[in-house]
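The following exercises are meant for a reader who is new to this structure. Each task is followed by a solution in steps.

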Amino acid sequence: MPSPSPGYSITVRVHAPVGAGTTSTLAAAIASVKGAMTALDVAESHPDHMVIDLTCDASDVAHADQIATAIAEVPGVIVGKVSDRTFLLHLGGKLEVVPTVPLTHRDDLSRAYTPGVARVCTAIAEHPEDVRRLTIKRNTVAVVTDGSAVLGLGNIGAAASIPVMEGKAALFKQFGGVDAWPVCLDTQDPDAIVEIVRALAPVYGGINLEDISAPRCFEIEARLRGILDIPVFHDDQHGTAIVVLAALTNALRVVGKTLARARIVVSGVGAAGHAVIRLLVAQGATNVIGCGRKGILSPDDTADEFRTWIAEHTNPEARTGSLRDALVGADVFIGVSAPNIVTGDDIAAMADESIVFALANPVPEVDPVAAGEHAAVVATGRSDFPNQINNVLAFPGVFRGLLDAHAVDITDEMLIAAARAIADRVSQSELNATYIVPSVFDAGVAPAVAAAVRQVADRGRQPQN
């Protein structure tokens with residue numbers, strides 16, 4: 001059973017008899033089914049009974065039900081309402097619009113709205129370049145999805161994707177000071193998506209594509225970059241690649257290996273895998289092996305132009321076979337694919353001082369505990385294991401830098417600079433096998449990433465001799 005997680009936290013309201021041993025009996029019942037009690041609050045106290053709120057972390061929904069049942073079986077205890085704390089957090093959504101100017105009297109309205117606002121509209125019509133200076137465009141990003149590849153849930157559609165996009169927008173604001181808004185489109189036609197985003201782009205300073213399935217995501221990103229004068233960033237590709245490169249940079253420092261000489265196996269050749277491989281190659285990796293569902297990609301794999309690029313730019317030793325075959329003697333395994341496709345024995349077959357990034361979420365490609373018995377460094381996409389590879393380390397700072405620089409294009413040099421900034425937030429004295437990336441709550445990460453991206457953007461605008 002996976003470890004209990006706050007993502008499956010419940011609060012159970014119980015009526016329990018008064019007695020010195022009541023609370024310890026309740027705690028023991030929760031522990032008996034491997035629940036993690038995180039709080040016990042007495043809501044009401046009466047001469048003959050107490051009303052208690054028990055807050056517990058569970059492993060999944062079934063485990064939460066098991067905890068509630070165990071509590072109900074305690075003699076004299078009556079279970080009332082069981083509240084799923086994750087659903088409570090989402091009631092009414094996670095975002096709101098807040099004015100940045102006072103609207104308290106008639107003069108305020110005259111300037112913020114009519115008649116004064118007409119002068120600002122006219123000024124923008126006459127000088128379109130002022131739209132960024134005089135509107136929310138300067139600090140606003142659209143988080144665009146069609147709901148076709150949401151987390152590990154697959155094609156769940158636009159409406160069901162809203163909670164994820166709300167969360168993404170909240171992270172933009174919390175960590176980068178960027179105002180972002182969910183744009184969840186009820187179409188999965190690339191032509192329609194491109195046209196809709198093109199039409200709504202005037203109000204935004206950047207476009208963050210999110211959870212759009214491959215290979216359509218590649219086409220949509222490329223077409224939008226070709227027609228818009230604002231940056232277009234597909235976080236599932238480039239955000240993942242940035243954080244993987246940052247983490248791998250530090251992991252290689254821990255084990256004393258170099259990117260140029262390491263043999264790297266990447267499982268997953270979709271959006272994330274393609275972007276990870278491209279960025280590793282751009283940074284100097286020379287021996288990368290890409291693996292899809294059928295094993296090592298061969299040079300004649302022409303399913304689409306992106307898989308063809310991977311086949312042509314990887315596997316210099318022309319290896320063949322399965323993912324397990326590719327792992328034999330490898331220095332690094334990076335999984336951006338599917339759960340439980342690798343075993344501890346497969347990791348044992350890798351080179352000494354190996355590195356494992358098992359990033360499928362919520363269930364990794366290999367059990368992290370089993371991987372840790374053989375690998376020197378293990379990372380996952382989960383928050384309940386060390387070394388969480390989390391895109392929140394990248395995208396808020398990247399967009400902060402892009403918006404501040406009024407950038408139009410996103411280059412590999414920017415992505416590499418962002419990765420370097422993240423890696424450098426871990427000092428040499430802090431660096432070890434269980435701390436290769438900074439905490440997502442490190443307040444210095446986003447400013448460092450923003451400064452690195454802006455420096456590259458500003459350098460790109462300087463006249464060349």
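**Exercise 1.** In which sense do strand S13 and S14 pair, and over how many bridges?

*Solution.* The model examined here is a predicted one.
Step 1. Strand S13 covers residues 355-358, and strand S14 covers 377-380.
Step 2. The pairing of S13 with S14 is parallel and runs over four bridges.
Step 3. One bridge can be named by its residues: Ile355 has Val377 in S14 as its partner.

**Exercise 2.** Determine the strand order of the open sheet with mixed pairing, and explain why its edge strands have one side without a neighbour.

*Solution.*
Step 1. Six strands make up this open sheet, in the order S11-S10-S9-S12-S13-S14.
Step 2. The edges are held by strand S11 (295-296) and strand S14; because each has a single partner strand, one side of each is left without a neighbour in the sheet.
Step 3. Helix H10 (residues 235-255) lies across strands S9, S12, S13 and S14, and its direction makes an angle of about 155° with S13.

**Exercise 3.** Describe the open sheet of four strands, beginning with its order.

*Solution.*
Step 1. The order is S6-S5-S7-S8, and the pairing is parallel.
Step 2. Strand S6 (179-184) and strand S8 (232-234) are the edge strands, each pairing on one side only.
Step 3. On average, neighbouring strands of this sheet are turned by 25° against each other, direction ignored.
Step 4. Strand S5 (residues 140-145) is joined to S6 by six bridges in the parallel sense; Val141 has Ala180 in S6 as its bridge partner.

**Exercise 4.** Which residues of helix H8 are buried, and why can they be said to line one face?

*Solution.*
Step 1. In helix H8 (residues 190-200), the buried residues are Pro190, Ile193, Val194 and Val197.
Step 2. Viewed down the axis of H8, these buried residues fall within an arc of 95°; therefore they line one face of the helix.
Step 3. The elements that cover them include S5, strand S7 (206-209) and helix H9 (216-227).

**Exercise 5.** Examine the loop between S7 and H9, where Asp211 and Pro215 are found.

*Solution.*
Step 1. Asp211 belongs to this loop. Its phi is near 55°, a positive value in a residue other than glycine.
Step 2. Buried means under 20% relative accessible area. Asp211 has 5% relative accessibility, so Asp211 counts as buried.
Step 3. Pro215 is located in the loop as well. The peptide bond between Ala214 and Pro215 is cis, with omega about 0°.

**Exercise 6.** Is Thr314 buried or exposed, and with which residues is Thr314 in contact beyond its neighbours within four places in sequence?

*Solution.*
Step 1. Thr314 is located in the loop between helix H12 (305-313) and helix H13 (323-327).
Step 2. Its relative accessible area is 9%, so Thr314 is buried.
Step 3. Once neighbours within four places in sequence are set aside, Thr314 is in contact with Ile277, Val288 and Gly290.
Step 4. The side chain of Thr314 also reaches the backbone oxygen of Ile310, at 2.5 Å.

**Exercise 7.** Into which domains is the chain divided by the domain assignment?

*Solution.*
Step 1. The assignment gives domain 1 (5-90), domain 2 (107-134), domain 3 (140-230) and domain 4 (232-464).
Step 2. The centres of domain 1 and domain 4, taken over C-alpha atoms, are separated by 41 Å.

Notes:
Residues are numbered from 1 along each chain as its sequence is written. This is a predicted model: local features need pLDDT of at least 70, side-chain atom pairs count only at pLDDT 80 or more; totals for chains, interfaces and linings use all residues. Side-chain values use heavy atoms; hydrogens and water are left out. Two strands pair if DSSP finds at least two bridges between them. Helices (H or I, at least four residues) and strands (E, at least two) are DSSP runs, numbered from the N terminus. Axes are lines fitted to C-alpha atoms, for helices over the stretch in contact, and angles run from 0 to 180 degrees between N-to-C directions. Buried means under 20% relative accessible area, exposed over 50%, partly exposed in between (1.4 Å probe, protein chains only). A polar contact is a pair of N or O atoms within 3.5 Å; within protein, one must be able to donate a hydrogen and the other to accept it, and residues adjacent in sequence count only if both atoms are side-chain atoms. Contact means heavy atoms within 4.5 Å. Domain bounds come from an automatic or database domain assignment. The arc is that of the directions from the helix axis to the C-beta atoms.
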